[in-house]
Amino acid sequence: MESTMERTAETARKKNDLMKALAVIPGKPNTIHLREVPKPRVEDVPEGRGVLIKILNVGVDGTDKEINAAEYGAAPSGDDYLIIGHESFGRVESVGPNVGEFRPGDYVSLTVRRPGSSLYDQIGTYDMTTDDVYFERGINLRHGFLAEYAVDAPEYIVRVPENLKHVGVLMEPMSVAQKAIEQAYRIQQRLRVWKPKRAAVLGAGTLGLLATLVLRLRGLEVTTFGNTMPPYLNSKLIEELGARYVSTKELSLTDASTTYGPFDLILEGTGYSPLVFEAMNVLAKNGVLAMVSVTGGSRQLEVPSDKINLGFVLGNKVAFGSVNANREYFETGVKDLSTAELQYPGWLLKLLTHPVKGLENYGEMIRLLTETKGAIKVYCQVAAANETQVAAAG
Ligand code: BGC
Ligand code: ZN
C-alpha cells in the first residue's frame with residue numbers, strides 16, 4: 001500500500017507536470033476559461049528535436065474573438081477543449097540533444113500552421129496547403145500558445161533579436177503582412193518592369209498599420225483607410241510613417257482613388273468583404289489586389305460585374321488571396337521590425353496599447369478585445385522576461 005508521503009510526492013510531481021492555459025470549448029459560445037493541462041516536455045518532439053519555450057507575451061485578434069464566439073476553430077482530436085492564442089513570443093527554456101539552432105535564453109516566436117500532406121506542405125510552405133483540413137496552433141486542431149509553456153521543433157520557431165524583445169509579440173501579425181506584400185511583388189514579376197508608386201491599405205488596425213509600415217519601408221506612397229474619423233491614435237501612427245490616413249466616413253475608396261490614386265497595390269484587410277469589389281474596381285492598370293480578410297460570415301452583395309471584369313481584362317489586373325505565413329515571412333518580418341526600430345524609433349511599441357497581466361485576467365482580455373474602441377494590440381503578459389529561469393547557457 002502507498003504511504004501518505006509517497007502520495008504527497010506523487011501529487012507534487014503531478015503538479016509540476018501541469019501548467020495553466022486558456023482554453024475554449026469549440027462549438028460552444030463564450031467558454032473561455034483557465035485550466036490546468038499537461039505541461040509540454042522537450043521529449044514530446046521526436047529525435048531529440050524538442051524546444052521548450054516559456055511563453056512571455058501572446059497577442060489576441062479577431063480570430064480569437066471568433067473562436068470564443070464559437071464561429072471558428074476546432075479542438076485537437078482526442079480533446080474537447082482548444083488552448084487558444086496564436087501570436088506568440090517567448091524564451092527558450094531548454095532544448096533536446098539534437099537541437100543546434102537554439103539555446104536556452106533565446107527569444108523566439110512560433111509559426112502558426114503545421115504541415116498537412118500536400119506537396120506545398122512537404123516543402124515548408126504549409127501556408128499554401130491545398131489540403132481541405134489545415135492545422136493551426138491556437139486556431140484549428142492544434143493547441144495554441146496562451147499557456148505557460150509550449151514545445152515544438154526548431155523548424156517552426158524563429159529567433160527574435162534581444163533588442164526587439166519589447167515588440168516580439170508583433171511577429172505573427174507582421175508575418176501575415178509580409179506574406180501578402182511579398183506575394184504581391186512576386187506575382188508582379190509577370191510585368192518585368194513593375195515599379196509601384198501608390199499603395200492603398202484598407203484597414204487601420206494592427207495588420208493595416210503593419211502593412212502600411214512594410215510598404216513605407218519599400219518606398220511607396222501609402223494611403224491607409226479606416227472608418228474612424230481622424231485624428232486618433234491609429235491615424236497619427238499612420239502619419240508618423242509618412243503615410244496618409246483617410247476615413248471612409250469622409251471619403252470613399254472610389255473617391256479617394258481619384259484624388260490619391262490610382263493604386264498599383266491594394267491590400268484589403270478590413271474583414272468587410274464588399275470592399276474587395278470596390279477595390280477591384282479602382283485598382284490601377286497592371287495593379288495587384290491582395291485579399292487577407294478571413295470573413296467567416298455569409299454576406300451577399302450585388303456588384304457591377306461587367307465593369308469589374310472589363311477593367312480586369314483591359315487593365316491586366318490581378319487579385320489574389322493570402323493566408324497565414326510560413327517561417328520565411330517571420331524571418332523577413334524580423335528584418336522589417338529591426339529596420340522600423342531604426343527608421344521610426346519607438347513606433348512599434350505604440351501599437352501595444354492594451355497589455356493584460358497574467359492568464360488569470362482572461363475576462364479582462366476578452367472584454368478589451370470585444371468592447372474597447374481604440375485598442376490596437378490587446379495582449380496577455382503571461383510572464384515577465386526576468387521571471388524566466390534560464391539554465392546556464394554554455
Ligand atoms: C491568423 C493566421 C491564420 C488565419 C486563419 C489569422 O488570425 O493570424 O495565422 O492563418 O487567422 O485561421
Ligand atoms: Zn491572427
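Let's start in the middle of a sheet: strand 12 (residues 198–202) and strand 13 (residues 221–226) run parallel and are joined by five bridges. Strands here are DSSP E runs of at least two residues, helices are H or I runs of at least four, and both are numbered from the N terminus. Two strands pair if DSSP finds at least two bridges between them. Within this pair, V201 sits opposite T224 of strand 13. To get from strand 12 to strand 13 the chain passes through helix 5 (residues 206–217), a right-handed β-α-β crossover. Right-handed means that, with the strands pointing away from the viewer, the path from the first strand over the helix to the second runs clockwise.

A word on what you're looking at: this is a predicted model, where local features need pLDDT of at least 70, side-chain atom pairs count only at pLDDT 80 or more, and totals for chains, interfaces and linings use all residues. Residues are numbered from 1 along each chain as its sequence is written, while chains are lettered from A and ligands numbered from 1 in the order in which they are written.

Back to strand 13. Five of its six residues are buried, so the rest of the structure largely encloses this strand. (Buried means 20 or more other C-beta atoms within 10 Å of the residue's own, exposed means 12 or fewer, and partly exposed is in between, with C-beta atoms placed from the backbone.) Strand 13 also runs parallel to strand 14 (residues 244–247), through four bridges. There, F225 has V246 as its bridge partner. The link from strand 13 to strand 14 goes by way of helix 6 (residues 233–240), and this β-α-β crossover is right-handed.

Now zoom out. The open sheet has six strands in the order 14-13-12-15-16-17, paired in parallel. Strand 14 and strand 17 (318–321) are the edges, each with a single partner strand, so one side of each lacks a neighbour in the sheet.

Next, helix 7 (residues 253–260). Its L253, A256 and S257 are buried. They span an arc of only 105° around the axis (taken from the directions from the helix axis to the C-beta atoms), which puts them on the same side of helix 7. Turned away from that buried side are the exposed T254, T258 and T259.

Finally, ligand 1. The residues around ligand 1 include D61, H86, E136, E172 and N324 (C-beta atom, placed from the backbone, within 6 Å).
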